[in-house]
Amino acid sequence: MLALALAVAVLVKPHIVWKPIPFGAARKAEMARYAEKHYGIDSWVLHPRVIVEHYTANESFAATWNAFAADTPDPELGELPGTCAHFVIDKDGTIYQLVPLNVMCRHTVGLNYAAIGIEHVGTSDAEILHDPAQLRSSLELTAWLMTTYRIPLADVIGHNESLTSPFHKELYAPWAHQTHGDWRKADMDVYREKLAALLRQRR
Ligand SMILES: [Zn+2]
């Protein structure tokens, strides 16, 4: 019975709209160079162990997609490839996938070698927690990814929690303590509680 319940849980995949950003040979080579410098891994291939939740700090899916597609050096740290995330969840709950899940994406310093990135269109944790459609899609997507890649609840983190992840690794010393303010622990505790409740329903 347990095996059957788990098999059913695996199959609950939310509707995902494939809207890929360009990620050809040149960008993959940039990603491998980045991974070599920051993680000591000469590869762009992602083996997902962690899920990092973000918000876009804007109110537009289109602007977010365009910024991720550009592949220009990021304005904050000035490196290539350009920043991106595997998924962006719009305010109406639409889930867009931009990058295949076996490709590393630059969304979280210290974790890009191991982490799937999920962006939410919005400007604060609270805004997303109080948008029922967006939150529902976020929880459904994250639960499906956890089941698919066997990622435990403790490894579903907010960007602001990056420095305390056991997977955090940054060889380039000036970036060793770099993080962002999106999705703080107090808000992620609320998010993880809702995620745990959804996963319990499925069993
Ligand atoms: Zn972020």
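Reader: Which residues point one way from S5, and which the other way?

Author: This is a predicted model, so read what follows with that in mind. In a regular strand the side chains alternate between the two faces of the sheet. In S5, Ile-116, Ile-118 and His-120 take one side, and all are buried. Pointing the other way, and buried too, are Ala-115, Gly-117 and Glu-119.

Reader: How many residues of S5 are buried?

Author: S5 covers residues 115–120. The strand is largely enclosed by the rest of the structure, because the buried residues number six of the six.

Reader: In what sense do S2 and S5 pair, and over how many bridges?

Author: S2 takes in residues 50–55. Along this pairing, Val-50 stands opposite Ala-115 of S5, and His-54 stands opposite Glu-119. The two strands pair in the parallel sense, over six bridges.

Reader: What about S3: how many bridges join it to S5?

Author: S3 is residues 87–89, and it runs parallel to S5. One facing pair here is Ile-89 of S3 and His-120 of S5. The number of bridges is three.

Reader: Do S3 and S4 run parallel or antiparallel?

Author: S4 is residues 95–97, joined to S3 by three bridges. Phe-87 sits opposite Gln-97 of S4. The direction here is antiparallel.

Reader: What is the order of the strands in the open sheet?

Author: The sheet has six strands, and its pairing is mixed. For instance, S2 and S5 are parallel, while S3 and S4 are antiparallel. The order is S1-S4-S3-S5-S2-S6.

Reader: Which are the edge strands?

Author: An edge strand here pairs on one side only. That picks out the strand at residues 17–18 and the one that closes the order at its other end. They are S1 and S6.

Reader: Which residue of S6 stands opposite Ile-51?

Author: S2 and S6 run parallel and are joined by three bridges. Within that pairing, the residue facing Ile-51 is Val-156.

Reader: Is S2 mostly covered or not, and how many of its residues are buried?

Author: Val-50, Val-52 and His-54 point one way from S2, and Ile-51, Glu-53 and Tyr-55 the other way; all are buried. That makes S2 mostly covered, with a buried count of six of its six residues.

Reader: Which strands does H6 touch as it packs on the sheet?

Author: H6 is the helix at residues 185–202. Its direction makes about 150 degrees with that of S6. The strands it touches are S2 and S6.

Reader: At what angle do H5 and H6 pack?

Author: The two axes are 10 Å apart, and the crossing is right-handed. H5 brings Leu-139, Thr-142 and Ala-143 to the contact, and H6 brings Lys-194, Leu-195, Leu-198 and Leu-199. The angle is about 65 degrees.

Reader: How far apart are the end C-alpha atoms of H5?

Author: H5 has 18 residues, 132–149. At 1.5 Å a residue it should span 26 Å, so there is a value to check the model against. The two agree: the ends are 26 Å apart.

Reader: Which residues of H5 are buried?

Author: An α-helix has 3.6 residues a turn, so residues three or four places apart point the same way. The buried set includes Thr-142 and Ala-143, which also take part in the contact with H6. In full, the buried residues are Gln-134, Ser-137, Ser-138, Leu-141, Thr-142, Ala-143, Leu-145 and Met-146.

Reader: Which residue follows H5, and what is its phi?

Author: The phi of this residue is positive. The residue is Arg-150, with phi near 55 degrees.

Reader: Is Ala-154 buried or exposed?

Author: Ala-154 lies in the loop between H5 and S6. Around it are 10 other C-beta atoms within 10 Å, and the cut-off for this class is 12 or fewer. Therefore Ala-154 is exposed.

Reader: How far apart in space are Ala-154 and Arg-192?

Author: In sequence, these two are 38 residues apart. C-alpha to C-alpha, the distance in space is 8.4 Å.

Reader: What is the radius of gyration of the protein chain?

Author: The protein chain has six helices and six strands. The globule rule gives 17 Å for 203 residues, and the chain comes close to that, so it is as compact as a globular protein of that length. Its radius of gyration is 16 Å.

Key:
Residues are numbered from 1 along each chain as its sequence is written. This is a predicted model: local features need pLDDT of at least 70, side-chain atom pairs count only at pLDDT 80 or more; totals for chains, interfaces and linings use all residues. Helices (H or I, at least four residues) and strands (E, at least two) are DSSP runs, numbered from the N terminus. The expected span of a helix is 1.5 Å times one less than its number of residues. A residue is buried if 20 or more other C-beta atoms lie within 10 Å of its own, exposed if 12 or fewer, and partly exposed in between; C-beta atoms are placed from the backbone. Two strands pair if DSSP finds at least two bridges between them. The radius of gyration is taken over C-alpha atoms; the globule rule is 2.2 Å times the number of residues to the power 0.38. Two residues are in contact if their C-beta atoms, placed from the backbone, lie within 7 Å. Axes are lines fitted to C-alpha atoms, for helices over the stretch in contact, and angles run from 0 to 180 degrees between N-to-C directions. A crossing is left-handed if the near helix is turned anticlockwise from the far one by less than a right angle, and right-handed if clockwise.
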